[in-house]
Amino acid sequence: MKKLFLVAFLLLLALFASCSENKEQNSNLVEHEVGYISDSTVLKGYLVYDNKLEGKRPGVLVVHEWWGHNEYARQRARMLAQLGYTALAVDMFGEGKKADHPEDAQKFAGAIFSNVKMGEDRFLAAYDFLKKHESVDPKNIAAVGYCFGGAVALHMARIGTDLKAVASFHGGIQPIVPAEEGKVKAYLLVCNGADDPFVTQEQIDAFKQEMGNAKVQYEFINYEGAVHSFTNPIADSVGKKFNMPLAYNEKADKESWEEMKKVFSQVFSK
């Protein structure tokens, strides 16, 4: 009986130590709601970094899904900060607007794609804000994007924005402006759901041909069994609520995140 009690006590101590360690790690993060401006529009971002790290470190922009700058974008920013980066979850819609219904999300995203210059300016406003932060090495900036955000990040790379890398997760891949040889500075990582009905094989073939013709360094990964929004844990409930082909895929989520980490380690070490 004493042995069982001792084992249980030691297990509780280990659990407590683990929880304390996680809490301590999280307490290192400095999180700020920030504002910046593009063409008189106030954009509401979220900046997060590890305050215990010394010196400047790479900065990463997080471009949200078509739902807008929500908690999911912020959580990804926190995860990037825990990896040692300064992350800025951006606001592409202005005033921190968020959509609760696909019709509103479509309107917000459509407004960006129908006024490409406005979208570019809003991305660049976030880019400039991040570069100037005291914790950031301005020569080492990358971007990650989810769904709508993936399409935005890829577009900004295509037009020559000075980014070390772009990681697109279940994002649109069709070009607004096709990549040109010598223009794309970023290494492109595209993580796609092989069963995503929004990305066709024809689009994939065209993307690969575009990148090949432009001699862009890239990697395109198809995750078998994954559909749209495969990195977002709430995709199942949202898909069911709105009858949309969305679903979380834990395997694809974790594997794609590891691929991003590898790319960032490579490009930021140069």
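## A tour of the predicted model

Select Phe113, a residue of helix 3, which spans residues 102-114. The model is predicted. With a relative accessibility of 38%, Phe113 is classed as partly exposed, because that class lies between the 20% limit for buried and the 50% limit for exposed.

Add Ile176 and Val177 to the selection. Together with Phe113 they make up a nonpolar surface patch, and the accessible area of the three is about 220 Å².

Keep Phe113 and now show Phe93, Phe108 and Phe148 as well. These four residues are joined into a cluster by ring pairs. Phe113 therefore appears in two selections: the nonpolar patch and the ring cluster.

**His155**

Return to Ile176 and Val177 and select His155, which is in contact with both. Val116 and Glu120 are also in contact with His155, neighbours within four places in sequence being left aside. His155 belongs to helix 5, residues 148-158. Is His155 buried or exposed? His155 has a relative accessible area of 7%, so it falls under the 20% cut-off and counts as buried.

**Aromatic pairs**

Next, show the aromatic side chains. The structure contains 14 aromatic pairs. Start with Tyr146 and Phe169: the ring centres are 4.9 Å apart and the planes are at 10 degrees, so this pair is stacked. The pair connects distant parts of the chain, with Tyr146 in strand 5 (residues 136-146) and Phe169 in strand 6 (residues 165-169), 23 residues apart. Tyr146 and Phe169 are both buried.

For another geometry, select Phe207 and Tyr218. How are the rings of this aromatic pair arranged? They are edge-to-face, at 5.8 Å centre to centre with 85 degrees between the planes. This pair too links distant parts of the chain: Phe207 is in helix 6 (residues 201-213) and Tyr218 in strand 8 (residues 218-223), 11 residues apart. Colour the two by accessibility: Phe207 is buried at 1%, whereas Tyr218 is partly exposed at 26%.

**Cys191**

Go back to Phe169 and select Cys191, which is in contact with Phe169. Cys191 sits in strand 7, residues 187-193. The relative accessible area of Cys191 is 0%, so the residue is buried. Apart from neighbours within four places in sequence, its contacts also include Ser168, His170, Ile221, Tyr223, Phe230 and Ser256. Draw a C-alpha to C-alpha distance from Cys191 to His170: the two are 6.0 Å apart in space and 21 residues apart in sequence.

**Glu259**

From Cys191, follow Ile221 and Tyr223, two of its contacts, to Glu259, which is in contact with both. Which other residues does Glu259 contact, leaving aside neighbours within four places in sequence? They are Leu189 and Glu219. Glu259 is located in helix 8, residues 250-268. Its relative accessible area is 18%, under the 20% cut-off, so Glu259 counts as buried.

**The whole chain**

Finally, clear the selection and show the chain by secondary structure: it has 8 helices and 8 strands. Of its 270 residues, 51% count as buried. Among contacts with a separation of 6 or more, 68% come from residues 24 or more positions apart. Switch on the surface to end the tour: the accessible surface is about 13700 Å², and carbon and sulfur atoms account for 54% of it.

Note on methods: Residues numbered from 1 in each chain as written. Predicted model: local features only at pLDDT ≥ 70, side-chain atom pairs only at ≥ 80, totals over all residues. Heavy atoms only, no water. Helix = DSSP H or I, 4+ residues; strand = E, 2+ residues; numbered from the N terminus. Buried < 20%, exposed > 50% of the residue type's maximum accessible area, 1.4 Å probe, protein only. Contact = heavy atoms within 4.5 Å. Patch = residues over 30% accessible without salt bridge, like charges linked within 9 Å, V, L, I, M, F, W, Y side chains within 5 Å. Areas by Shrake-Rupley, 256 points an atom, 1.4 Å probe, with all protein chains shown as cover. Salt bridge = Lys/Arg side-chain N within 4 Å of Asp/Glu carboxyl O. Phe/Tyr/Trp six-rings, centres within 6.5 Å; stacked < 30°, edge-to-face > 60°.
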